[in-house]
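Look over the sequence and the model below. The paragraphs that follow take up cysteines, a surface patch and some backbone features.

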Amino acid sequence: MGENGELWARVGKRCLSAFRRLKNLKVHYFVVLRERGAVYYAAAMEDAHGLAALPMMRPIAIDPFNEDEILYAGVHQCVLGQIGFRVDTRVHGIRIQQVSELASRFGSAHVGDPLTGGSLADGAAGLNGAWHVLCGDIVPTRTGARATVYPALAIADPGVPTGLLHAVVATTDAASACGLVWRVRDRDNFWLFRVSGDEGALLRVEDGVETVVVRAAQGRLEPSKIHSLQILDGYGEIGCYLDGDRLFAIEDKFLERSTGTGIWFGGGSMELRDFEAHPRAIPIPHSLRPDAGWSRFGRQTEFADDFFGASGDLAGRAARNGNGTWEKTVGVGFIDVHDGAAHVRGTLENPHPNRTFHTLPWYQPDFADLEVTITPPGEVRGQSHRCRAGLVFWQDPDNYCSFSIWLDDIYDGASVALFPKRHGFEELYDAIWTMVWHKIHWGKPFRLRIPFDGERFVIFVDDEPVMQRALTDLYPDDTPLRIRRVGLAVNWEWGNDTGSTFQAFAARR
């Protein structure tokens with residue numbers, strides 16, 4: 001759970017796990033139905049983990065199995081919360097239509113071939129380029145491609161890296177092995193996802209030397225059966241799947257810009273059918289292109305404080321750049337300035353007392369873009385240190401939004417949470433948050449940035465967007481917050497801060 005979300009797509013009767021650490025962002029999902037099965041795509045804002053940035057979309061998975069005659073379009077909506085937190089997901093719209101750009105047999109693939117009929121050697125690779133048989137011999141038949149000389153390797157080069165590969169494997173009773181290759185530079189340098197009746201394995205071939213990176217006994221092919229074999233590559237991770245089950249996922253940059261892709265046979269009489277390879281991202285068809293959603297950054301710095309200069313209490317201190325003085329707006333805790341940092345006054349023995357805000361005046365009530373570098377206290381898990389530091393947007397004592405980090409020994413991973421107080425009312429269980437896994441860790445500085453227009457906001461941790469919401473997601477009839485002050489927050493969230501530090505604060509308009 002500390003990784004936050006996991007993106008699934010249905011393949012046959014299983015759910016294929018495309019990737020984990022999906023954040024609480026506005027995500028656009030596309031399902032392209034085929035005569036048999038479907039292709040799945042997803043997109044979000046720029047730099048979102050695992051997703052293409054609009055106006056592009058990322059191919060996520062291929063289902064070659066389902067043949068239901070009647071299909072129903074629908075939405076499954078879950079509650080986003082735990083132990084009483086009750087914020088729901090939000091569905092912004094649904095669209096169903098014919099899309100001519102994706103209506104061909106292999107849709108968005110840059111290489112697609114049924115592998116039937118003719119000769120594979122230096123023949124057309126379906127949609128793009130030509131097949132080149134680098135070793136052995138591969139013969140297309142009426143039902144699929146088979147090898148007659150082993151090992152056999154054939155590739156096509158679409159000119160750009162492949163992000164999703166898929167082929168159907170038809171086995172017989174005989175022992176055999178086959179696989180998909182990609183990131184191919186030449187016949188001696190590529191990646192191979194190999195499956196057989198014994199196991200599934202991921203191999204790196206470098207200068208002709210094969211290295212088994214990982215293997216999985218549960219990746220065995222069954223005799224006399226149709227299997228789905230696919231690879232999802234890009235955005236920092238390689239995932240290998242058999243019949244929708246993820247056998248393994250790794251992070252490796254070896255040959256990540258190489259563009260060849262193809263098929264491999266290691267022996268036996270099995271067939272490969274309906275090979276297709278898709279780019280890591282493709283343009284969303286214009287007829288489906290959604291609104292990118294709210295995203296705005298400040299262009300002019302109103303305040304910047306590096307916290308150098310005289311040591312002492314932050315309250316009453318003039319900002320280093322900008323015409324404003326820090327004020328303790330809420331709370332009885334202290335933040336002390338020295339050595340280029342603002343230190344939360346808190347220790348393991350005497351933590352910071354509950355909630356404290358230190359703020360500066362703000363004169364653009366409909367927008368502020370805040371950024372600060374935070375270093376959680378401690379060095380490693382197990383020292384009982386806690387981080388509850390963050391940023392605040394303030395209207396008046398009855399209306400403000402505080403955003404704070406939660407890092408604690410009692411849970412694996414960290415989170416960023418919004419705690420709103422609106423019209424004098426604050427309900428702890430109305431807080432909304434996103435888990436950020438190990439992006440935040442004890443003793444490791446990170447940058448927290450939040451642009452906010454009084455209603456909509458995006459939270460960034462080290463430039464990665466991790467949460468994108470609106471106050472009207474919480475309270476549909478709410479009016480925008482009027483931002484009168486901005487600054488640093490230290491919050492209570494199931495425990496108090498034990499000494500976080502702030503550096504490089506900036507407020508932009």
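How many disulfides does the count come to? This is a predicted model, in which local features need pLDDT of at least 70 and side-chain atom pairs count only at pLDDT 80 or more, while totals for chains, interfaces and linings use all residues. Residues are numbered from 1 along each chain as its sequence is written, and side-chain values use heavy atoms, with hydrogens and water left out.

The count comes to zero disulfides, a disulfide being a pair of cysteine sulfur atoms within 2.5 Å. For Cys387, the closest cysteine sulfur is that of Cys401, 19 Å away and therefore too far for a bond. Cys387 is buried at 1% relative accessibility, whereas Cys15 is partly exposed at 45% (buried is under 20% relative accessible area, exposed over 50%, partly exposed in between; 1.4 Å probe, protein chains only).

Val75 is partly exposed as well, at 47% relative accessibility. The loop between strand 6 (56-63) and strand 7 (79-80) holds Val75; strands are DSSP runs of E, at least two residues, numbered from the N terminus.

Two prolines follow cis peptide bonds. One bond joins Leu54 and Pro55, with omega about 15°, and Pro55 sits in the loop between strand 5 (52-53) and strand 6. The other joins Tyr150 and Pro151, with omega about -15°; Pro151 belongs to strand 11 (residues 145-156).

Positive phi occurs at Arg21, about 65°, although Arg21 is not a glycine. Arg21 is part of strand 2 (residues 14-22). Ser224, also not a glycine, has a positive phi of about 55°. Ser224 lies in the loop between strand 16 (209-216) and strand 17 (226-234) and is exposed at 51% relative accessibility.

How values were computed: Helices (H or I, at least four residues) and strands (E, at least two) are DSSP runs, numbered from the N terminus.
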